[in-house]
Amino acid sequence: MARHLYLRRRRNFIRAAGVGAVAAGLAGTTSWLGGELEAAQNPNAQKLADLKKSPLSTSEKLNSYKDITTYNNFYEFGLDKGDPARHAGSLKPRPWSIVVEGQCGKPGTYHIEDIMKWFPLEERIYRLRCVEAWSMVIPWVGFPLSDFVKRFEPTSKAHYVEFRTLVDVKQMPGQSEPALQWPYVEGLRMDEAMHSLAIMAVGLYGEVLPNQNGAPIRLVVPWKYGFKGIKSIVRVRFVENQPVNTWQQTRASEYGFFANVNPDVDHPRWTQKSERRIGEFFRRKTLPFNGYADQVASLYAGMDLRKYY
Ligand code: MTE
């Protein structure tokens, strides 16, 4: 995404390693093409039992556990797709707590074990469409974001909810580089946060979230580009004004706040009309709101989605 940063780092790496074009090509090889990246699976991978099936799930073919856990964006661990799987072992998802603050009746510090007991866990199989024009189908485990939000009794001044990722360079070594501004920040308008499709995910494929996918808790908003799905959340703030999210901070001309999947608004450097489903050879058409238009288009009635990209 931050191609300028990526290319600079890649050039430095190749120079430092004293290797040439062949190695440069191999470094980009990903698991499903026969590379040897293995999922850095949590050896204690805890199974999540008694999952409700959701009518909101898609019946499309799932991506493999290996695809989902070795082809990641998590810049806190590096810029290559395989970096999170290689390096996220340093993240400690327990003990973990989330600070809730701002315009709400129940601010405080909440432990992940307690949060996970508040709501029944369900499986939600969703398409994930990255702004970089690739996609996957992922069987998340989580609970509705709306239930989580209601728990803190947001006031009438809470127009947006903002989320922040952990900052700890020991656990997240990529934070020693200014690839992005840390912490990673995201936000939703309150009606978006209350929509039944938005979830907090704590697992995938029936197991607790692997670190590289945002352990122990991350956001999933399937009608928006994947960068809205902030990982490893430690802070939730109810605010009056629209937050400035990380990618907007980085390049406002290319990434907006709303970031709804929209095949009619190209990224300045590539088309958004089609996407590469990981594991497939031919590109497929990108659908408005990532195929969830029937459920969510009304949230944006009257808004110019070319302006609010
Ligand atoms: N959250 C944090 N904290 N840091 C990141 O770099 N990358 C985002 C999002 N959440 C990112 C993040 C992007 S660009 C995408 S596409 C999704 O995570 C990828 O999620 P996945 O790796 O679980 O597929």
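**The ligand and its surroundings**

Around the ligand, the residues of the shell divide into 7 nonpolar, 6 polar and 3 charged. The model described here is a predicted one. Of the 16 residues around the ligand, those that come nearest are Asn72, Tyr75, Glu76, Gly229 and Lys231. As for where the ligand sits, the space it takes is the largest cavity.

Three side chains illustrate how polar atoms of the protein meet polar atoms of the ligand. Lys231, one of the residues that come nearest, places a polar side-chain atom 2.7 Å from an oxygen atom of the ligand. Arg218 also faces a ligand oxygen, with an N or O atom of its side chain at 3.0 Å. In the case of Thr165, the partner is a nitrogen atom of the ligand, which is 3.0 Å from an N or O atom in the Thr165 side chain. Taken alone, the ligand exposes 540 Å², and the protein buries 99% of that area.

Next come three residues viewed one by one, beginning with Glu192. This residue is found in helix H7, which covers residues 190-193. Is Glu192 buried or exposed? Its relative accessible area is 0%, so Glu192 is buried. The cut-off for being buried is under 20% relative accessible area. The Glu192 side chain also has a polar partner in the backbone: it reaches the backbone nitrogen of Arg189 at 2.9 Å.

Gly105 belongs to a loop, the one that lies between strand E2 (97-102) and strand E3 (108-111). Gly105 counts as partly exposed because its relative accessibility is 48%, and the partly exposed class ends where exposed begins, at over 50%. Which separation is found between the C-alpha atoms of Gly105 and Glu153? These two residues are 48 residues apart along the chain, and their C-alpha atoms are separated by 5.0 Å.

His159 has its place in a loop as well, here between helix H6 (145-151) and strand E6 (160-165). With a relative accessibility of 39%, His159 therefore counts as partly exposed. Along the chain, His159 and Asp191 are 32 residues apart, and a distance of 8.4 Å separates their C-alpha atoms. Asp191 falls within the span of helix H7, residues 190-193, where Glu192 is also found.

Notes. Residues numbered from 1 in each chain as written. Predicted model: local features only at pLDDT ≥ 70, side-chain atom pairs only at ≥ 80, totals over all residues. Heavy atoms only, no water. Near = heavy atom within 4 Å. Polar contact = N/O pair within 3.5 Å; in protein donor to acceptor, adjacent residues only side chain to side chain. Areas by Shrake-Rupley, 256 points an atom, 1.4 Å probe, with all protein chains shown as cover. 1 Å grid on protein atoms, 1.4 Å probe; cavity = no way out; pocket = protein on both sides within 12 Å on 5 of 7 lines; lining within 4 Å. Sits in = over half its atoms within 2 Å of the grid points. Nonpolar A, V, L, I, M, F, W, Y, C, P; charged D, E, K, R; others polar. Helix = DSSP H or I, 4+ residues; strand = E, 2+ residues; numbered from the N terminus. Buried < 20%, exposed > 50% of the residue type's maximum accessible area, 1.4 Å probe, protein only.
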